[in-house]
Amino acid sequence: MSLTEISRTAASTTEMGHGFSPNESARVSPASNWTDSVSEGDVEFRLRTPSQRYLSFKSGIDCVTGFSLLVITSPVILMLAAIVRCTSEGPAIYRQRRVGKDGQIFELLKLRSMVRNAEAPGKPVWCSTNDLRITKVGRVLRKLHLDELPQLWNVAKGEMSLVGPRPERPEICINLEEEISGYHDRHQVKPGITGLAQVNLPPDQTIEDVQRKQILDLRYIEEANAWLDLRMILATTLRMIGLKGGTVMKLMCLCRRNYLQQQLETKPEVLKQDDESSHSFESVQPSESPRLPR
């Protein structure tokens, strides 16, 4: 599916008041596989793994923790918002539609790190290495992950979790489902500010990057527990204060690179081999026209 077709689809569904058409909603909402049913006579037993039990009550903890952290970090967020607003034109905090648990659409909050009009209307584009659309202040915010702090509001509202797969835009999700088998399985849980894929791998720039993160996102769903979440939150905090990623990974025992390599070697079918694949979301080169601050 081309970007033009995706944009038209997104635009038409937005007019209907939700992120996806009925058919697309069915595609985004993953089949429930949280429990295995075992029938014995007229009795049905529900078997749940430890990770599923943990994920079932994690939401309440996230809301309380997210609100508490939002209160604590609010002075920092306000200060950073003022710096962003004073150093470039445009709002300091912007909203962007993302796909959450079970395909529900919500508005994610972030401190603005790019120039104004960084994307043409209806043309979602991934950020590239040394992307010239990123402001000087934005580059620092991204390096220290401070641009993510406003998402604590999304956590407090119950739309996100502190730990989980990163939420993607609905326009891009439609394309990724065409490229990656079972892509929407990651939507079984709430998206997170940080996660197993985020601490192990760099930001997405290609379909193959998303494939690798998909493997780790599903791995997190399988082994989710409070100790794992705590280690990822601590790892993210340490990276925010300047520690190198490799050092943090070893310190917190979070490296899953060997597991990832094994999965890529044994399950090559995860990435659909489609010769007609558009791979539409490649990094774009900055245009020759003057850049406007966002």
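This passage describes the fold, the cores, one hairpin and selected residues of a predicted model.

The protein contains eleven helices and six strands. Of its 294 residues, 46% are buried. The exposed surface comes to about 15700 Å². Carbon and sulfur atoms account for 56% of that area. Contacts across the sequence were also counted. Among those between residues at least 6 apart in sequence, 72% join residues at least 24 apart.

Confidence varies along the chain. The mean pLDDT is 77, and 70% of the residues reach 70 or more. Residues 1-46 have pLDDT below 50. In the model this stretch nevertheless has 73 contacts beyond near neighbours in sequence. Residues 272-294 also fall below 50. For that stretch, 55 contacts are found beyond near neighbours in sequence.

The largest nonpolar core comprises 34 residues. Leu-55, Tyr-220, Met-232 and Leu-254 have the most contacts inside it. Eight elements each supply at least two residues of this core: α3 (50-87), β4 (105-111), α5, β5 (161-163), α7 (196-200), α8 (207-223), α9 (226-240) and α10. The greatest contribution is that of α3, with seven residues. Tyr-220 illustrates how these parts meet. Leaving aside neighbours within four places in sequence, Tyr-220 contacts Leu-55, Lys-58, Val-163, Gly-164, Leu-196, Leu-228, Asp-229 and Met-232. Two of these partners, Leu-55 and Met-232, are themselves listed with Tyr-220 among the core residues with the most contacts. Another core, of eight residues, lies apart from the largest one. Its members include Val-99, Tyr-183, Ile-207 and Val-210.

Strand β4 also takes part in a hairpin. Strand β3 (residues 93-99) runs antiparallel to β4, and seven bridges join the two. Across this pairing, Tyr-94 stands opposite Lys-110 in β4. Five residues lie between the strands of the hairpin. In this hairpin, Asp-102 adopts a positive phi near 60°. Strand β4 is mostly covered, with five of its seven residues buried. The strand also supplies at least two residues to the largest core.

Positive phi values occur at two further non-glycine residues. His-145 has a phi of about 60°. This residue sits in the loop between α4 (136-143) and α5 (151-156). Its relative accessibility is 27%, so His-145 is classed as partly exposed. Cys-253 has a phi of about 55°. Its position is in the loop between α10 (245-252) and α11 (257-266). Cys-253 counts as exposed because its relative accessibility is 53%.

The cysteines were examined for disulfides. The count is zero. Cys-255 is in no disulfide. Its nearest cysteine sulfur belongs to Cys-253, 9.9 Å away. A pair must lie within 2.5 Å to be counted, so a separation of 9.9 Å does not qualify. Cys-255 is partly exposed, with a relative accessible area of 46%. By contrast, Cys-173 has 0% relative accessibility and therefore counts as buried.

How values were computed
Residues numbered from 1 in each chain as written. Predicted model: local features only at pLDDT ≥ 70, side-chain atom pairs only at ≥ 80, totals over all residues. Heavy atoms only, no water. Helix = DSSP H or I, 4+ residues; strand = E, 2+ residues; numbered from the N terminus. Buried < 20%, exposed > 50% of the residue type's maximum accessible area, 1.4 Å probe, protein only. Core = buried A, V, L, I, M, F, W, Y, C linked by side-chain atoms within 4.5 Å. Contact = heavy atoms within 4.5 Å. Pairing = 2+ DSSP bridges. pLDDT = per-residue confidence, 0-100. Areas by Shrake-Rupley, 256 points an atom, 1.4 Å probe, with all protein chains shown as cover.
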